[in-house]
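Open the structure in your viewer and keep the selection tool at hand. Each stop below says what to select and what is there.

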Amino acid sequence: MTSALLIQDLVKRFSTGKPAVDGVSFDVPAGEIVVLLGPSGCGKTTTLRCVAGLEHPTGGRISIGGRTVSELQRGVLVSPRERDIGMVFQSYAVWPHMTVRQNVAYPLKHRRNGGGGDIDTKVKETLELVGLGEYADRSATLLSGGQMQRVALARSLVYRPQLLLLDEPLSNLDAKLRIRLRDELRRILKATGMTGLYVTHDQAEAVVLGDRIGVMREGKLLQMAPPGEIYNRPADSFVANFTGASNVLLGKVLERKGERATIDLGQAGRIEAWTPQPLSAGDRARVALRAENIRLGERGPANSFTGRVVERRYQGMQTVYDVEFGGQKLEVLELGTAARHSDGEVAMHLPPDTCWAYRDEGQAAVD
Ligand SMILES: Nc1ncnc2c1ncn2[C@@H]1O[C@H](COP(=O)(O)OP(=O)(O)OP(=O)(O)O)[C@@H](O)[C@H]1O
Ligand SMILES: [Mg+2]
């Protein structure tokens, strides 16, 4: 099957500094939603704008629905209008002097590929889909932010483009609405079978919306995988940290067998970890751990330790503990409304599958 979107070795260099997009390759099969996730300035919007044709790539190839739309070497550059894409941005791009219905009907009347079929029916169906059926005749200026964003979405969906591009479409909404619309957005996209490329710096949004997540840093795509894999098998320490594995233990590699490594943590002892990298004995290593994967008050067949709770922060639905552990520090999250541990010694199990070892490029604590 041809990919709905194929990006090969995409490079975009602006006049100054490092490339904004630096050799990015991935493909999106039809009907899949791919989310590009990464910190501010990592090149997400630039990648999206290259796909849209709003930015001219410096190198690489982009094809949409099996048709090359951009390839510098062969002099191919298809204009944005000819790419059969829909776009939704952060700002609510609705026409204020029109009603909701007129806004959504606009592309059907004015786009080259919009025609065909009954416009009224298509608009009605799309408004129902985004939950605005009752608002068809309201002026677009009399809508809340969330409703305006639904109008923008409906306007991009109504002509059924091959590919929908979304750049932080929820970031101007308040927190509650953002969560609701995030869940709904996935339902809507899946209901239409639309292929989507979605850009965000919000990891929770990425996990809920994406069939796959691509984590970017400084113009490079570090890992592209389903959310469960990004969260349980991060390919490098940046991905681990950016998706919330905020604990790091520093040590030295004692041994590695395939994806298993034994790390010497000095005073704290030895820890068994999973690793995606070809570490060698003697390498400095960072072991990343998520706070919610650490089991306080438990022991297991491997990686059982004794730590010391030095601080406890009760947050109602969960409790956060600062645990001292052989001269290093861990943050541990315990779900539930009851805090079960108090200050002082505590048993601790760090399941080896949830300890991820990476090469440490910086200073390690152990010599
Ligand atoms: N028109 C431009 N001219 C020069 N540099 C640009 C231009 N647009 C983007 N950049 C630079 O390219 C890099 C990537 O920018 P981009 O907008 O793609 O980041 P982003 O990942 O979308 O960030 P954010 O999360 O803040 O939106 C940044 O360093 C940015 O300053
Ligand atoms: Mg951006």
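A salt bridge here is a side-chain nitrogen of Lys or Arg within 4 Å of a carboxyl oxygen of Asp or Glu. A search of the whole structure finds 20 of them. Bear in mind that this is a predicted model.

**Stop 1: the two domains**

Colour residues 3-232 as domain 1 and residues 249-359 as domain 2, following the domain assignment. Their centres, taken over C-alpha atoms, are separated by 39 Å.

**Stop 2: the six-stranded sheet**

Select β7, β8, β9, β3, β10 and β11. In that order, these six strands form an open sheet with mixed pairing. Which strands are at the edges? They are β7 (85-88) and β11 (220-225), and each of them pairs on one side only. From one strand to the next, the twist averages 20°.

Now zoom in on β8 (residues 163-167) and β9 (residues 196-200). The two run parallel and are joined by four bridges. Label Asp167 and look across to β9: Val199 stands opposite.

Add helix α4 (residues 145-157). The helix packs on the sheet and touches β7 and β8. The direction of α4 makes about 175° with that of β7.

**Stop 3: helix α2**

Select α2, residues 100-110. Show its buried residues: Val100, Asn103, Val104, Ala105, Pro107 and Leu108. What covers them? The cover includes α3 and α4.

Stay here and show the side chains of Arg101 and Asp137. They form a salt bridge, with the closest N and O atoms 2.9 Å apart. Arg101 sits in helix α2, while Asp137 is in the loop between α3 (119-129) and α4, so the pair links parts of the chain 36 residues apart. Is each partner buried or exposed? Asp137 counts as exposed because its relative accessibility is 58%. Arg101, with a relative accessible area of 34%, is partly exposed.

Next, select Trp95 and Tyr106. A pair of aromatic rings is described by the distance of the centres and the angle of the planes. The structure has three aromatic pairs by the rule used here. In the pair of Trp95 and Tyr106, the ring centres are 4.3 Å apart and the planes meet at 40°, so this pair is tilted. Trp95 lies in the loop between β7 and α2, and Tyr106 in helix α2; the pair therefore ties together parts that are eleven residues apart in sequence. Trp95 is partly exposed, at 31% relative accessible area. Tyr106 is partly exposed too, at 29%.

**Stop 4: two more salt bridges**

Select Glu218 and Lys18. Their side chains meet in a salt bridge, 3.5 Å from N to O. Why pick this pair? Glu218 is in the loop between β10 (212-217) and β11, and Lys18 is in the loop between β1 (3-12) and β2 (21-29), so the bridge ties together parts that are 200 residues apart in sequence. Lys18 counts as exposed because its relative accessibility is 63%, and the cut-off for exposed is over 50%.

Move to Asp183 and Arg182. This salt bridge has its closest N and O atoms 3.5 Å apart. Asp183 is partly exposed, with a relative accessible area of 41%. Arg182 counts as buried because its relative accessibility is 14%, and buried means under 20%.

Then select Glu311, Arg313, Asp322 and Glu331 together. Salt bridges that share partners join these four residues into one network.

**Stop 5: strand β17 and its partners**

Select β17 (residues 304-314) and β18 (residues 318-325). The two form a hairpin with three residues between them. Find Gly316 in the turn: its phi is positive, about 90°. Along the hairpin, β17 and β18 pair in the antiparallel sense over six bridges. Label Val309 and look across to β18, where Val323 stands opposite.

Add β20 (residues 344-349). Its pairing with β17 is antiparallel, over six bridges. Thr306 has Ala347 as its bridge partner in β20.

Finish with Phe305 and Phe325. Their ring centres are 4.8 Å apart and their planes lie at 65°, so the pair is edge-to-face. Phe305 is in β17 and Phe325 in β18, 20 residues apart. Both are buried.

Technical notes
Residues numbered from 1 in each chain as written. Chains lettered and ligands numbered in written order. Predicted model: local features only at pLDDT ≥ 70, side-chain atom pairs only at ≥ 80, totals over all residues. Heavy atoms only, no water. Domains from an automatic or database assignment. Pairing = 2+ DSSP bridges. Axes fitted to C-alpha atoms, helices over the stretch in contact; angles between N-to-C directions. Contact = heavy atoms within 4.5 Å. Buried < 20%, exposed > 50% of the residue type's maximum accessible area, 1.4 Å probe, protein only. Phe/Tyr/Trp six-rings, centres within 6.5 Å; stacked < 30°, edge-to-face > 60°.
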